[in-house]
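Me: Could you walk me through the side-chain contacts in this model, with the cut-offs spelled out as we go?

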Amino acid sequence: MASQTVEVWPENWQTVDLFISVATQWRIGMGGPTGLDYNVLFRMIDNLGLPSDCWKVTFDDVRVMESAALESMRQANN
């Protein structure tokens, strides 16, 4: 797998760091990864101590990253 450098805007670092911290927490089905284990993700978000309005935004942002990661994994397996 080739290494790739990606620019991350400062306002997105917390979400990227969170996504990286749950990178080993994928649910796996018969066809491969199906999504992140939200129980672990929710715990990690709670640990950040975010106010409720930021909590939802952070969760939504991680879900965007999750979707892109799943698409990338599916393409890699074809």
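Here are some questions and replies on salt bridges, aromatic pairs and the nonpolar core.

Me: Happy to start; what kind of model is this, and what pLDDT do side-chain atom pairs need?
Reply: Residues are numbered from 1 along each chain as its sequence is written, and side-chain values use heavy atoms, with hydrogens and water left out. This is a predicted model in which local features need pLDDT of at least 70, totals for chains, interfaces and linings use all residues, and side-chain atom pairs count only at pLDDT 80 or more.

Me: How many salt bridges are there?
Reply: A salt bridge here is a side-chain nitrogen of Lys or Arg within 4 Å of a carboxyl oxygen of Asp or Glu. One of them joins arginine 27 and aspartate 37, at 3.1 Å from N to O. Another joins lysine 56 and aspartate 60, at 2.8 Å from N to O. By this rule the count is 2.

Me: How many residues apart in sequence are the parts that arginine 27 and aspartate 37 tie together?
Reply: Helices (H or I, at least four residues) and strands (E, at least two) are DSSP runs, numbered from the N terminus. The side chains of arginine 27 and aspartate 37 meet in a salt bridge. Arginine 27 sits in strand β1 (residues 26–29) and aspartate 37 in the loop between β2 (32–36) and α2 (38–48), so the parts tied together are 10 residues apart in sequence.

Me: Is aspartate 37 buried or exposed?
Reply: The classes go by relative accessible area: buried is under 20%, exposed over 50%, and partly exposed in between, with a 1.4 Å probe and protein chains only. Its partner arginine 27 has 43% and counts as partly exposed. Aspartate 37 has 15%, so the class is buried.

Me: In which helix do lysine 56 and aspartate 60 lie?
Reply: Aspartate 60 is partly exposed, at 29% relative accessible area. Lysine 56 and aspartate 60 are 4 residues apart, about one helical turn, and the helix (residues 52–76) is α3.

Me: What type of aromatic pair do phenylalanine 19 and tryptophan 26 form?
Reply: Rings of Phe, Tyr and Trp (its six-membered ring) pair if their centres lie within 6.5 Å; planes under 30 degrees apart are stacked, over 60 edge-to-face, and the rest tilted. The rule gives 6 aromatic pairs. For phenylalanine 19 and tryptophan 26, the centres are 6.4 Å apart and the planes 80 degrees apart, which makes the pair edge-to-face.

Me: And what type is the pair of tyrosine 38 and phenylalanine 42?
Reply: Both residues lie in helix α2, 4 residues apart, about one turn of the helix. Tyrosine 38 is partly exposed at 24%, and phenylalanine 42 is partly exposed at 29%. Their ring centres are 5.8 Å apart with planes at 40 degrees, so the pair is tilted.

Me: Which helix gives the most to the largest nonpolar core?
Reply: A nonpolar core is a set of buried Ala, Val, Leu, Ile, Met, Phe, Trp, Tyr and Cys residues joined through side-chain atoms within 4.5 Å. The largest one has 12 residues, among them Leu18, Trp26, Ile45 and Phe59. While α1, α2 and α3 each supply at least two residues, the top contributor, with 4 residues, is α3.

Me: Which residues does glutamine 14 touch, beyond those up to four places away in sequence?
Reply: Glutamine 14 lies in helix α1 (residues 13–21) and is partly exposed at 40%. Contact means heavy atoms within 4.5 Å. Outside that sequence window, glutamine 14 touches Leu48, Leu50 and Thr58.
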